[in-house]
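Colleague: Before we discuss anything in detail, could you show me the structure, and then let me ask how each label is justified?

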Amino acid sequence: MAKDTFIEAFNQKGFMVIPDLIPLPFIERMREDMSNAIEQEVAYHGTRNYKEFGIITLAAIYGGTFLEVYSLNNFIRPFEWILGEECITYTITSSCIPPEQEIYTSRIHVDTPRVIPNYNTYCVGMLLLDDYTEESGATWFLPGSQNQIEKPEEAYFYANSERIIAKAGSVCYFNPRIWHAGAANQSKHWRRCLLLAMVRPWMKQRLDIPRCLAHLDVSSLPEKTLQKLGFLSQPPASYDEYYMPAEKRSFKQRVV
């Protein structure tokens with residue numbers, strides 16, 4: 001998709017779907033990683049009966065495809081079109097709904113309370129790991145509502161929203177200010193997606209990702225992956241770090 005076409009549609013509607021963007025072999029590997037990560041989250045909480053069951057707080061800590069995804073240029077490029085090449089991860093999480101269940105994201109909501117007219121600070125990419133259908137609980141988006149402060153009435157929302165009906169491997173990029181809602185998964189299978197939220201490089205991450213990944217060997221990761229994870233956006237912790245040569249500094253972003 002052309003850059004200008006994407007940006008125009010994203011800014012007008014508040015979201016944009018690119019179908020079949022990610023190859024299915026990669027999707028199949030991420031599904032397996034997602035299932036394993038969900039089980040590790042269950043082990044951490046000690047129960048399956050918690051509010052965020054199916055939502056991985058920080059997928060990157062589990063490595064695998066959750067780090068490889070940053071090397072998929074066709075997936076990362078739209079974030080850079082909206083936020084600039086220096087954008088970094090706010091969080092990388094999931095929204096996975098078990099069979100014949102629903103989760104709290106089914107309510108009508110926005111993902112951030114901040115509104116800065118005509119300036120994007122944040123972009124979310126929803127990478128579909130399963131087909132999104134009416135039965136599986138495909139997400140609703142109210143077009144153009146990203147600048148609307150007040151929550152829309154439920155009847156108006158569902159009468160005027162568009163539903164993301166798309167195949168696994170498709171990606172929906174959206175402004176987190178847009179009013180949206182999931183739905184109950186009425187199918188007999190999980191409905192899974194990866195949610196990557198990117199922000200401007202001067203913004204704080206939801207968690208300190210470089211410190212959260214201290215248990216992983218990141219020495220072989222591409223520099224761009226490290227940059228997207230925030231390793232090149234860490235503020236100096238001392239005068240000595242601040243006055244280091246540019247190539248050794250912990251903050252290496254080109255902020256314009």
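Colleague: What volume does the second largest pocket have?

Modeller: Bearing in mind that this is a predicted model, the second largest pocket comes out at a volume of about 310 Å³. Its lining is made up of 19 residues, and those nearest its centre are Ile116, Tyr119, Asn120, Asn147 and Asn175.

Colleague: How do the residues of that lining divide into nonpolar, polar and charged?

Modeller: In the lining of the second largest pocket, 9 residues are nonpolar, 8 are polar and 2 are charged.

Colleague: What is the volume of the largest pocket, and which residues are closest to its centre?

Modeller: The largest pocket has a volume of about 640 Å³, and among the 32 residues that line it, Thr93, Thr105, His109, Asp111 and Leu195 are the closest to its centre. Two or more lining residues come from each of strand E2 (88–94), strand E3 (122–128) and strand E8 (193–199), with E2 giving the largest share, 4 residues. By class, this lining holds 15 nonpolar, 11 polar and 6 charged residues.

Colleague: Why is His180 called buried?

Modeller: The word applies under 20% relative accessible area, and His180 has a relative accessibility of 6%, so it counts as buried. His180 sits in strand E7 (residues 180–181), and, leaving aside residues up to four places away in sequence, it touches Arg107, Ile108, His109, Val110, Asp111, Thr139, Trp140, Phe141, Phe157 and Phe174.

Colleague: What makes the approach of the His180 side chain to the backbone oxygen of Ile178 a polar contact?

Modeller: The side chain of His180 reaches that backbone oxygen of Ile178 at 2.9 Å, and the cut-off for such a pair of N or O atoms is within 3.5 Å, so the distance meets it.

Colleague: How do you know that Cys96 is in no disulfide?

Modeller: A search of the whole structure finds 0 disulfides. For Cys96, the nearest cysteine sulfur is that of Cys193, 6.3 Å away, whereas a disulfide needs the two sulfur atoms within 2.5 Å, and therefore this pair does not qualify. Seen from the other side, Cys193 is likewise in no disulfide, with the sulfur of Cys96 as its nearest cysteine sulfur.

Colleague: Are Cys96 and Cys193 buried or exposed, and how do you know?

Modeller: Cys96 has a relative accessible area of 0%, and Cys193 also stands at 0% relative accessibility. Because buried means under 20%, Cys96 is buried, and Cys193 counts as buried too.

How values were computed. Residues are numbered from 1 along each chain as its sequence is written. This is a predicted model: local features need pLDDT of at least 70, side-chain atom pairs count only at pLDDT 80 or more; totals for chains, interfaces and linings use all residues. Side-chain values use heavy atoms; hydrogens and water are left out. On a 1 Å grid over the protein atoms alone, a cavity is a set of points where a 1.4 Å probe fits but cannot get out, and a pocket is an open set with protein on both sides within 12 Å along at least five of seven lines; lining residues have an atom within 4 Å of a point. Grid points are joined across faces, edges and corners, and a volume is the space filled by probe spheres set on the points. Ala, Val, Leu, Ile, Met, Phe, Trp, Tyr, Cys and Pro count as nonpolar, Asp, Glu, Lys and Arg as charged, and the others, Gly among them, as polar. Buried means under 20% relative accessible area, exposed over 50%, partly exposed in between (1.4 Å probe, protein chains only). A polar contact is a pair of N or O atoms within 3.5 Å; within protein, one must be able to donate a hydrogen and the other to accept it, and residues adjacent in sequence count only if both atoms are side-chain atoms. Contact means heavy atoms within 4.5 Å.
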